[in-house]
Amino acid sequence: MTTLPEIETLIPSPPKSTTGTAPGKIILFGEHSVVYGRPALAVPVSQVVATCVVSQAPKGTGVKINAKDIDKQYQVTDEKTNNPLRVAVQVALDYLDKSRFLDDITITISSTIPMASGLGSGAAVSTAIIRALAQHYEQSLESRIISDLVFEVEKLHHGTPSGIDNTVVAYNQPVFFQHAQPTVPLRVQEPLTFVIGNTGIKSPTHKVVGDLRRRREANPQCYDQMFDKMASLAMTARTAIETGNLAHIGACMTENHQLLDQIGVSSIILNEWVEIANRNGAFGAKLSGAGWGGNMIALTTSGQAESIARALSMVGAEQPLITQVEKGY
Ligand code: PMV
């Protein structure tokens with residue numbers, strides 16, 4: 001007669017799989033000026049998420065990527081050596097001290113974060129991949145390490161990234177960020193409700209950053225003055241966030257938007273949407289991320305959020321998101 005433990009050994013155990021996730025993000029203050037060493041504030045957005053599942057695959061499979069959203073499967077080594085997904089896998093395997101691409105695993109990636117829209121899609125996908133691989137190899141990685149690894153991938157997306165995207169996404173908490181300074185968690189005194197309106201206009205960060213760099217090189221003094229003003233708004237807003245002064249945070253946001261417009265990274269639509277949000281009772285509003293397209297954000301109350309979202313929908317925002325940053329953190 002076969003005993004129970006023997007039966008258990010006859011049943012193949014399900015293939016091991018591990019899951020890593022990462023949120024989207026919005027920049028509240030300091031996009032662009034942060035590239036030039038000024039401070040910036042950013043918060044995660046949990047309504048949108050990147051997910052990566054790593055599962056053991058049959059022998060001989062190699063390292064396979066299954067990009068669910070585009071229904072594509074391929075060997076990671078078929079990608080160019082500078083492909084961001086390949087590099088994310090590579091930096092993770094190198095750090096985890098695993099032989100490059102020799103194991104048999106399938107890496108399934110999906111994301112609800114719109115790409116090239118200022119919501120941190122690239123950083124979130126890389127973070128999810130690195131988290132899932134670390135779990136697969138039963139290692140735990142600190143947020144700081146994950147952030148540093150994602151930064152390596154961000155260089156491919158952005159050219160000269162400031163590091164804010166990888167930081168806020170990997171730490172998954174509101175942050176006060178400045179280049180070459182330790183990352184400081186941002187204390188939120190009063191819950192912050194944001195409406196996020198996506199223009200649907202894709203705007204690759206490296207193009208906007210590169211264009212601004214050329215214009216700044218031609219006139220450094222003028223641009224540096226504007227970056228200084230953005231820095232001082234970020235500092236003022238930090239205090240307002242830490243003391244729960246929503247009206248003041250909002251006023252700083254709208255002022256930051258005007259400066260972003262002056263340095264040439266806004267657009268007619270973004271300017272119009274900022275005005276619409278403010279007319280509909282927002283404390284303040286601004287573009288968020290690289291600009292030219294992508295997203296605008298409006299700070300409001302939970303009671304007012306729906307009506308601002310409706311007003312933005314009427315002018316073409318694709319399913320505006322309402323997100324809340326909780327008190328504390
Ligand atoms: O990639 P985005 O749209 O989240 O923009 C990043 C913010 C910038 O300041 C424009 C670039 C950077 O590296 O910080």
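## The second largest pocket

In this predicted model, the second largest pocket holds about 250 Å³ of space. It has 16 lining residues, and Ser147, Asp148, Thr167, Phe177 and Thr183 are the ones closest to its centre.

Helix 4 and helix 5 each put at least two residues into this lining, with helix 4 giving the largest share at four residues. By type, the lining of the second largest pocket splits into nine polar, five nonpolar and two charged residues.

## The largest pocket

Now for the largest pocket, with its volume of about 1,000 Å³. Its lining runs to 49 residues, and Met115, Ala116, Ser121, Gly122 and His157 sit nearest the centre. Plenty of elements chip in two or more residues, among them strand 1, strand 4 (72-75), helix 2 (84-95) and helix 6 (205-218). Helix 3 gives the most, with five residues.

The mix in the lining of the largest pocket is 22 nonpolar, 19 polar and eight charged residues.

## The ligand and its shell

The ligand sits in the largest pocket. Around the ligand are 15 residues, with Lys25, His32, Ser162, Thr205 and Ala290 the closest. Strand 1 (17-29) and helix 5 (164-171) each bring at least two residues to this shell, which breaks down into six nonpolar, six polar and three charged.

## Contacts with ligand oxygens

Ser162 has a polar side-chain atom 2.5 Å from an oxygen atom of the ligand, while an N or O atom in the Thr205 side chain lies 2.7 Å from a ligand oxygen. Ala290 uses its backbone instead: an N or O atom there is 2.9 Å from an oxygen atom of the ligand. On its own the ligand has 370 Å² of accessible area, and the protein covers 96% of that.

Note on methods: Residues are numbered from 1 along each chain as its sequence is written. This is a predicted model: local features need pLDDT of at least 70, side-chain atom pairs count only at pLDDT 80 or more; totals for chains, interfaces and linings use all residues. Side-chain values use heavy atoms; hydrogens and water are left out. A residue is near a molecule or strand if one of its heavy atoms lies within 4 Å of it. A polar contact is a pair of N or O atoms within 3.5 Å; within protein, one must be able to donate a hydrogen and the other to accept it, and residues adjacent in sequence count only if both atoms are side-chain atoms. Accessible areas come from the Shrake-Rupley method with a 1.4 Å probe; for residues, only the protein chains shown count as cover. On a 1 Å grid over the protein atoms alone, a cavity is a set of points where a 1.4 Å probe fits but cannot get out, and a pocket is an open set with protein on both sides within 12 Å along at least five of seven lines; lining residues have an atom within 4 Å of a point. A molecule sits in a cavity or pocket if more than half of its atoms lie within 2 Å of its grid points. Ala, Val, Leu, Ile, Met, Phe, Trp, Tyr, Cys and Pro count as nonpolar, Asp, Glu, Lys and Arg as charged, and the others, Gly among them, as polar. Grid points are joined across faces, edges and corners, and a volume is the space filled by probe spheres set on the points.
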